[in-house]
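Reader: I'm new to this one and would like a close look at a single part of it. Could you walk me through the charged pairs and then show me what else is worth a glance?

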Amino acid sequence: MRWFETMLREREDDFDFKLEQLVLGLTEQIAKAMHEEGITRADLARRLNVNPAAITRILRGDSSFRLRTLLAIADALGRRLKVDLVGSRMKTEEGKHGDF
């Protein structure tokens with residue numbers, strides 16, 4: 001196994017790593033939908049009534065996503081937001097999920 005694959009496997013159950021994977025996946029989906037719909041960052045910002053810099057932060061993964069924000073983005077892009085909780089092969093330890 002290559003060193004990178006080994007490193008990924010060692011971190012795949014780390015909470016922060018999983019969070020970054022989710023953020024990356026969401027930002028990629030948003031960017032893809034924008035491209036498919038021909039929507040620029042400025043267009044999306046206008047539709048959401050936010051500063052274009054806010055869209056840049058979201059697409060860079062610098063922003064924490066709230067369900068409200070994700071739903072607004074999905075609506076602005078003519079998409080449907082779907083969130084699924086699926087079974088896990090490993091239970092996570094208590095206290096490792098940040099502040100609620």
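Author: Let's start with R79 and E36, which form a salt bridge whose closest N and O atoms are 2.8 Å apart. Keep in mind that you're looking at a predicted model. This pair ties together distant parts of the chain: R79 sits in the segment after helix 5 (67-76), while E36 belongs to helix 2, and their positions lie 43 residues apart in the numbering. How exposed or buried are the two partners? R79 has a relative accessible area of 32%, so it counts as partly exposed. E36 is partly exposed too, at 45%.

Now stay with E36 and look along its own helix. E36 also meets the side chain of K32 in a salt bridge, with 3.9 Å from N to O. The cut-off for a salt bridge is 4 Å, so a distance of 3.9 Å still falls within it. Here the partners are neighbours on one helix: K32 and E36 both lie in helix 2 (residues 15-37), 4 residues apart, or about one turn. K32 has 53% relative accessibility, and because the exposed class begins over 50%, K32 counts as exposed.

Put those pieces together and you get a network: K32, E36, E37 and R79 are linked by salt bridges. In the whole structure there are 6 salt bridges.

Another of these pairs is in helix 3 (residues 41-48), where D43 and R46 are 3 residues apart, again about one turn of the helix. Their side chains meet at 2.5 Å, N to O. Which of the two is exposed, and which is partly exposed? R46 is exposed, with a relative accessible area of 59%, whereas D43, at 22%, is partly exposed.

Follow the chain on from helix 3 and you come to N49, in the loop between helix 3 and helix 4 (52-60). N49 is a bit of an oddity in its backbone: its phi is positive, about 60°, although it is not a glycine. Most residues other than glycine have a negative phi. N49 is also exposed, with 71% relative accessibility.

For a contrast, go back to helix 2 and find T27. T27 has a relative accessible area of just 7%, and because buried means under 20%, T27 is buried. What does T27 touch? Leaving aside residues up to four places away in sequence, T27 is in contact with I58, L59, G61 and F65. Its side chain also reaches back to the backbone oxygen of L24, at 2.9 Å. So T27 is a buried residue, while K32 in that helix is an exposed one.

One last stop, away from the charges: W3, F4 and L8 make a nonpolar surface patch of about 360 Å². L8 has its place in helix 1 (residues 3-11). With 33% relative accessibility, L8 counts as partly exposed.

If you'd like a route for your own tour, begin at R79 and E36, step along helix 2 to K32, drop in on buried T27, and then visit the pair D43 and R46 in helix 3 before ending at the patch of W3, F4 and L8.

Notes. Residues numbered from 1 in each chain as written. Predicted model: local features only at pLDDT ≥ 70, side-chain atom pairs only at ≥ 80, totals over all residues. Heavy atoms only, no water. Buried < 20%, exposed > 50% of the residue type's maximum accessible area, 1.4 Å probe, protein only. Polar contact = N/O pair within 3.5 Å; in protein donor to acceptor, adjacent residues only side chain to side chain. Contact = heavy atoms within 4.5 Å. Patch = residues over 30% accessible without salt bridge, like charges linked within 9 Å, V, L, I, M, F, W, Y side chains within 5 Å. Areas by Shrake-Rupley, 256 points an atom, 1.4 Å probe, with all protein chains shown as cover.
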